[in-house]
Amino acid sequence: VAGMEGSELVISINKNDTAPIFEVSDLGIVGDVKVILPKLADAIRKYKANKVKN
């Protein structure tokens, strides 16, 4: 938690919906990081590509 003190946004991914990390997160996602992270990265890439076009 000490390393996150200066963070503007904290996003956590954990399989355990009661994980303590969610108490200090701005956004918490319950699930498997190996499944969620590729989908999240793809969504961010698509968002950035659309933003550049507009």
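## Serine 12 and its surroundings

The side chains of serine 12 and serine 25 are joined by a polar contact of 2.3 Å. This is a predicted model, so read that distance as a computed value from predicted coordinates.

Serine 12 sits in strand β1, which covers residues 11-14. With a relative accessibility of 6%, serine 12 falls in the buried class, because the cut-off for buried is under 20%. Skip the neighbours within four places in sequence, and serine 12 still touches Ile21, Phe22, Ser25, Leu27, Gly28 and Ile29. So Ser25, the partner in the polar contact, also turns up in that contact list.

## The chain as a whole

What does the chain look like in terms of secondary structure? There are two strands and one helix, and going along the sequence they come in the order β-β-α. The radius of gyration is 14 Å, while the globule rule gives 10 Å for 54 residues; the chain is well over that value, so it is more spread out than a compact globule. Taken along the principal axes, the box filled by the C-alpha atoms is roughly 40 × 25 × 15 Å.

The contacts are worth a look too. Take the contacts between residues at least 6 apart in sequence: 0% of them join residues at least 24 apart. As for burial, 13% of the 54 residues count as buried, and serine 12 is one of the buried residues. The accessible surface adds up to about 4,600 Å², with carbon and sulfur atoms accounting for 56% of it.

## A salt bridge along helix α1

How many salt bridges does the model have? The count is one. It pairs lysine 46 with aspartate 42, and the closest N and O atoms are 3.4 Å apart. That satisfies the salt-bridge rule because the cut-off is within 4 Å.

Both partners belong to helix α1 (residues 33-53), and they are four residues apart, or about one turn of the helix. Are the two partners buried or exposed? Lysine 46 is exposed, at 53% relative accessible area, whereas aspartate 42 is partly exposed, at 33%.

## A nonpolar patch on the surface

Now for the nonpolar side of things. Val33, Leu37, Leu40 and Ile44 make up a nonpolar surface patch, and together they have about 300 Å² of accessible area. One of these residues, leucine 40, lies in helix α1, the helix that also holds lysine 46 and aspartate 42. Leucine 40 has 30% relative accessibility and is classed as partly exposed.

Key:
Residues numbered from 1 in each chain as written. Predicted model: local features only at pLDDT ≥ 70, side-chain atom pairs only at ≥ 80, totals over all residues. Heavy atoms only, no water. Salt bridge = Lys/Arg side-chain N within 4 Å of Asp/Glu carboxyl O. Buried < 20%, exposed > 50% of the residue type's maximum accessible area, 1.4 Å probe, protein only. Patch = residues over 30% accessible without salt bridge, like charges linked within 9 Å, V, L, I, M, F, W, Y side chains within 5 Å. Areas by Shrake-Rupley, 256 points an atom, 1.4 Å probe, with all protein chains shown as cover. Rg over C-alpha atoms; globule rule 2.2 N^0.38 Å. Contact = heavy atoms within 4.5 Å. Polar contact = N/O pair within 3.5 Å; in protein donor to acceptor, adjacent residues only side chain to side chain.
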